[in-house]
Amino acid sequence: MTNTNSKVKEDREITREFLQSLANSTDNAYEKFSKFQKTSNNLVKEVEEKEKILQLEKQRKKDQQETNIRDTIKKFSNKFDMNSNKMIVERVVCEKVSKNATDDQVIKTRTNNIQKFYSSIFNNILVGVKSIYNVCVELYNAEKELKDDFGILKQVLPLSETTIAKYLKIGKSELLSDLYKLNKLPESWTTQYYITTQVTKQNLNSDETAREAFINMCSIFTTQKDVFEYFYGEKQKSPSPWEYGDLTKPVDFLKVAIESDNRLSGLEPNTLFYIRERVEEVVEDALKEMSIDKLGYSTDHMDKPMKVGVAFNEHLANGITTHTFEWITKLGSKELREKYLTAFKKKFKEITSKTVNSVVPNNIEYSDLKSK
């Protein structure tokens, strides 16, 4: 019995030592793995950082090359003369880049190829500009020389009266003539015409400083928008009348419109505000009724509820409110005016919780009625 107990104790001691050894071994292995993992992560980060630097340097070099090519082409464009160039009909043939070409040779070949296409395209753009402008000048000359017979010429030309009138203003303009000689005439004839409408307004014939500054601003690529912003500054964008509340990317799926012709349909503002109120209620009730819990299924793994917004053209509704208010106040019968105005104001406040006077401009006056 004693021998048995000693054997059990010995086995337990051996087992304990084995387990302790195994634990120590596991701790050492975990420590070694942790160090290895940390080292690996540092190496990966180092490689990623180097790769990022190489990519940035590669992109910087590419951007610089493209900038150099653009600058070369821009300098080349100064050689064009609007008064002498002719239509180019031969097609451009590109030079192939050699596989063994150096970076400088590649850039040179790319530049030459772009320059060939630029020459052909830009030249023909100038030819087109010159063609229309010369039509305008010839029309103006014809008007001066033919006098009464100019009417016959207009009848046989494939141009409308409106177009001819605009062409004549272009052909007559001394400012456009100067731009033409300087190779700065905008390519679009509608821009050329818009410039003629600004000459007197901006004193471009009498103020030499203003004239010179405008000419310096112009180029063949100047647009009507550029001219407008040069004189008046950038147009302010009108806010959209359609705001859908919390929706960031709204998509219309249902639209409601009114007949805008008063002869066909009376425009009554209180009805518009009432329709908005009812539609908003219907949308709110529908979203509650068609919730995921009640439907019993989902169309999104995140179980997100559908968002629906109602947009209302407040500006239009306020305009119709003002129009209606003015119409009532101009009725011939004082009794009828008072009756209509009282009912109109009452219904407006009932629906919108606002007064009519909060919408109608303050400068609207009427004879013997006071604001209520």
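**Exercise 1. Is aspartate 246 buried or exposed in this predicted model?**

Start by finding the residue: aspartate 246 is in the loop between helix 8 and helix 9 (269-289). Next, look at its relative accessibility, which is 65%. The cut-off for exposed is over 50%, so aspartate 246 counts as exposed. While you're there, look across to lysine 307: the two are 61 residues apart in sequence, yet 8.4 Å apart in space, C-alpha to C-alpha.

**Exercise 2. What is the sign of phi at lysine 147 and at asparagine 183, and where do these residues sit?**

Here's the background first. Most residues other than glycine have a negative phi. Now take lysine 147: its phi is about 55°, so the sign is positive although lysine 147 is not a glycine. Asparagine 183 also has a positive phi, near 60°.

Then place them. Lysine 147 belongs to the loop between helix 2 and helix 3 (150-156), while asparagine 183 is in the loop between helix 5 and helix 6. Finish with accessibility: lysine 147 is at 60% and therefore counts as exposed, whereas asparagine 183, at 24%, is partly exposed.

**Exercise 3. How do the axes of helix 5 and helix 7 cross, and which residues meet?**

Two things describe a pair of packed helices: the angle between their axes and the distance between the axes. For helix 5 (residues 174-181) and helix 7 (residues 208-217), the axes come within 11 Å and cross at roughly 45°. That angle falls outside the ranges for roughly parallel (under 35 degrees) and roughly perpendicular (65 to 115), so the two helices are oblique to each other. Their crossing is right-handed.

Now zoom in on the contact. Helix 5 brings Glu174, Leu175, Asp178 and Leu179, and these meet Arg211, Phe214 and Ile215 of helix 7. Sort them by class and you get 4 nonpolar, no polar and 3 charged residues.

**Exercise 4. How many residues does the largest nonpolar core have, and which helix gives the most to it?**

The count is 28 residues. Among those with the most contacts inside this core are Leu175, Leu179 and Phe214. Several elements give two or more residues, including helix 4 (161-172), helix 6 (189-198) and helix 8 (224-232). Helix 2 gives the most, with 8 residues.

Try leucine 175 as a check: leaving out residues up to four places away in sequence, it touches Ile195, Val199, Leu204, Arg211, Phe214 and Ile215. There is also a second, separate core of 15 residues, with Phe273 and Val356 among them.

Methods. Residues are numbered from 1 along each chain as its sequence is written. This is a predicted model: local features need pLDDT of at least 70, side-chain atom pairs count only at pLDDT 80 or more; totals for chains, interfaces and linings use all residues. Side-chain values use heavy atoms; hydrogens and water are left out. Axes are lines fitted to C-alpha atoms, for helices over the stretch in contact, and angles run from 0 to 180 degrees between N-to-C directions. Helices (H or I, at least four residues) and strands (E, at least two) are DSSP runs, numbered from the N terminus. Angles under 35 degrees count as roughly parallel, over 145 as roughly antiparallel, 65 to 115 as roughly perpendicular and the rest as oblique. A crossing is left-handed if the near helix is turned anticlockwise from the far one by less than a right angle, and right-handed if clockwise. Contact means heavy atoms within 4.5 Å. Ala, Val, Leu, Ile, Met, Phe, Trp, Tyr, Cys and Pro count as nonpolar, Asp, Glu, Lys and Arg as charged, and the others, Gly among them, as polar. A nonpolar core is a set of buried Ala, Val, Leu, Ile, Met, Phe, Trp, Tyr and Cys residues joined through side-chain atoms within 4.5 Å. Buried means under 20% relative accessible area, exposed over 50%, partly exposed in between (1.4 Å probe, protein chains only).
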